[in-house]
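Thanks for coming. I will take a few minutes to walk through one structure, and you can follow along on the screen.

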Amino acid sequence: MVFRSHMDIALSEARAAAARGEVPVGAVIVRAGEIIAQAGNRTRELHDPTAHAEMLVIRAACAALGQERLTGCDLYVTLEPCPMCAAAISNARIARLYYGAADPKSGGVAQGPRIFSHPQCHHRPEIYDGIAITEAETLLRDFFAVKR
């Protein structure tokens, strides 16, 4: 099977989130090349601090597949997951995590608490960072430049 990135769809979800006034983060879950779910941040819209793109896409994929585990699935997200999302990724047993921009302030994978390196972490996905990093960083930088 030839690798195909689905980060373009995650970036589209991030742009849609920015248009709604949300922090521009988008995510997609794929299994065997088929898109199972896609989402962008909705924390402000839903008045829900857990409505990160990763949490929404994990919930939607689990509902679509009728199961609580996403074994064999890949997650594409435009920003390094925070600790909450990293824990959910582990609990969902996602096989591979692809992310764009690093998050030195709030990241939970390569920054901060490094959830997958913790001895109590039950599942560690394969991790690929820097996917479409320029586009992901530009979306975030432009969004916050307007806010400041």
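I will go through some strands, then the aromatic rings, then a pocket. Please keep in mind that this is a predicted model.

Let's begin with strand S1, which covers residues 26-31. Is it mostly covered or not? It is mostly covered, with 5 of its 6 residues buried.

S1 has pairing partners. One is strand S2, residues 34-40, and the two run antiparallel over 6 bridges. Together S1 and S2 make a hairpin, with 2 residues between them. In that turn, Ala32 has a positive phi of about 50°. Another partner is strand S3, residues 73-79, again in the antiparallel sense, this time over 5 bridges.

If you want one residue to look at here, take Ala27. Opposite Ala27 in S2 stands Ala39, and its bridge partner in S3 is Val77. As a general point, side chains in a regular strand alternate between the two faces of the sheet.

Now the aromatic rings. How many aromatic pairs does the structure hold? There are 3. Take Tyr98 and Tyr128: the ring centres are 4.9 Å apart and the planes sit at 15°, so this pair is stacked; the cut-off for stacked is under 30 degrees. The pair links distant parts of the chain, since Tyr98 is in strand S4, residues 96-101, and Tyr128 is in strand S5, residues 126-128, with their positions 30 residues apart. Tyr98 is buried, at 6% relative accessible area, whereas Tyr128 is partly exposed, at 33%.

Phe143 and Phe144 give another picture. Their ring centres are 5.1 Å apart with the planes at 85°, so that pair counts as edge-to-face. Phe143 is buried, with a relative accessible area of 11%, and Phe144 is partly exposed, at 28%. Going back to the tyrosines, ring pairs join Tyr76, Tyr98 and Tyr128 into a cluster.

Last, the largest pocket. Its volume is about 600 Å³. Of the 24 residues that line it, the closest to its centre are Val23, Leu79, Asp103, Leu140 and Phe144. You have met Phe144 already, as part of the edge-to-face pair.

Which helix supplies the largest share of the lining? That is H5, with 4 residues. Helix H5 spans 133-147, and helix H2, at 43-46, also supplies at least two residues. By class, the lining has 11 nonpolar, 4 polar and 9 charged residues.

That is the tour, and I am happy to go back to any part of it.

Terms used: Residues are numbered from 1 along each chain as its sequence is written. This is a predicted model: local features need pLDDT of at least 70, side-chain atom pairs count only at pLDDT 80 or more; totals for chains, interfaces and linings use all residues. Side-chain values use heavy atoms; hydrogens and water are left out. On a 1 Å grid over the protein atoms alone, a cavity is a set of points where a 1.4 Å probe fits but cannot get out, and a pocket is an open set with protein on both sides within 12 Å along at least five of seven lines; lining residues have an atom within 4 Å of a point. Grid points are joined across faces, edges and corners, and a volume is the space filled by probe spheres set on the points. Ala, Val, Leu, Ile, Met, Phe, Trp, Tyr, Cys and Pro count as nonpolar, Asp, Glu, Lys and Arg as charged, and the others, Gly among them, as polar. Buried means under 20% relative accessible area, exposed over 50%, partly exposed in between (1.4 Å probe, protein chains only). Two strands pair if DSSP finds at least two bridges between them. Rings of Phe, Tyr and Trp (its six-membered ring) pair if their centres lie within 6.5 Å; planes under 30 degrees apart count as stacked, over 60 as edge-to-face and the rest as tilted.
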